[in-house]
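Trainee: I would like a close look at a single part of this model, the helix that gives the most residues to the largest nonpolar core. Please also cover what surrounds that core.

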Amino acid sequence: MTLAPPTERTERAGPTPGRSRRRPDHGAWFLVLPALIPILVLSVGPLLYGIALAFTDAQSGRTRSTQWIGTLNFRDLLQDTLFWESFRIGLVWAVGVTIPQFVLALGLALLLNERLRLRWLARALAIIPWAMPEVVVGIIWRLVYHPDAGVLNETLRDLGLGDGRDWLTGLATALPAVILVGIWAGMPQTTVVLLAGLQNTPRELHEAAAMDGAGAWRRFRTVTWPALRPIALAVSALNLIWNFNAFALVYVLTAGGPGGRTRLPMLFAYEEAFRYGQFGYAAAMGCVMVALVAVLLALYLVGRLREGGDR
């Protein structure tokens with residue numbers, strides 16, 4: 001039996017484990033760049049510029065020079081009661097939209113998951129508000145809430161429930177009216193996500209639970225909800241963040257009025273920047289909101305990691 005030379009045996013056996021080093025594939029970066037460049041230019045770049053702007057006294061005007069002032073904007077922000085009031089309104093808006101939005105979307109998803117006649121048509125109609133731009137949604141609901149010719153007031157008059165009112169300019173009704181629009185506009189998106197989760201739940205589990213005598217509520221609690229819970233937590237966290245950062249819908253409906261009752265933090269920062277020209281101060285507000293969103297995301301990720309560790 002002829003033995004191969006040591007060098008030949010080594011080449012055939014392949015590299016020794018632990019000693020081989022994988023060469024970096026520089027060509028892969030050229031495949032990533034087309035997707036990475038827009039993110040850097042349109043997202044990361046403006047974010048870093050806004051953070052830097054928060055530490056300056058930047059204002060509108062071409063002839064005015066910008067000076068570095070450190071944390072002065074943040075110290076002023078801590079004493080700005082109007083901003084913190086808008087922050088409170090933003091939290092009320094975000095929670096008031098997210099929770100009913102999820103509950104209604106869950107009920108609609110459960111209904112659309114059943115074997116109903118014309119189910120395809122019902123699913124198509126359910127996503128119409130999601131397909132409409134927020135500006136169009138705001139204009140439509142302004143017409144619905146119109147004090148003289150609005151559908152809502154006309155219906156109340158026909159039912160003998162009063163002469164109607166101006167819902168978007170009343171101090172007590174403006175925020176609830178806007179929250180109702182936010183629920184209606186965002187519910188289809190949550191419905192689609194929950195419906196996808198329901199369709200991934202094996203029907204055999206429901207059939208087995210039904211054969212064991214479990215009712216509809218028990219099947220939901222023991223079969224549907226455990227499978228749907230990760231998706232529900234994810235979509236609720238994202239909805240809370242998106243609703244807190246809402247701008248276009250509320251701006252079209254009320255522009256923050258009346259008397260600041262619907263002035264969300266994004267609207268407050270917009271007014272400071274583009275109405276009063278305080279770009280540095282508005283950037284500081286943006287930094288505070290970015291920090292809040294980062295905290296919410298961190299809490300969500302920590303919860304998911306703990307849940308994965310328990311498994």
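Mentor: Buried means under 20% relative accessible area, exposed means over 50%, and partly exposed lies in between (1.4 Å probe, protein chains only). This is a predicted model, in which local features need pLDDT of at least 70, side-chain atom pairs count only at pLDDT 80 or more, and totals for chains, interfaces and linings use all residues. Residues are numbered from 1 along each chain as its sequence is written, and side-chain values use heavy atoms, with hydrogens and water left out.

Helix H9 covers residues 174-199, 26 in number, and its first and last C-alpha atoms are 38 Å apart, close to the 38 Å expected at 1.5 Å a residue. That expected span is 1.5 Å times one less than the number of residues, and helices are DSSP runs (H or I, at least four residues) numbered from the N terminus. At methionine 187, H9 bends by about 35°, with proline 188 following within four residues; the bend is the angle between axes fitted to the seven residues ending there and the seven starting there.

A nonpolar core is a set of buried Ala, Val, Leu, Ile, Met, Phe, Trp, Tyr and Cys residues joined through side-chain atoms within 4.5 Å. The largest has 38 residues, and Val181, Trp93 and Leu249 are among those touching the most other members. Elements giving two or more residues to this core include H4 (81-112), H9 and H12 (248-253). H9 gives the most, 7 residues.

Leucine 249 touches Val181, Gly182, Ala185 and Trp93, among others, beyond four places in sequence; contact means heavy atoms within 4.5 Å. Trp93 is also one of the contacts of asparagine 243, a buried residue with a relative accessible area of 12% in helix H11 (residues 216-244).
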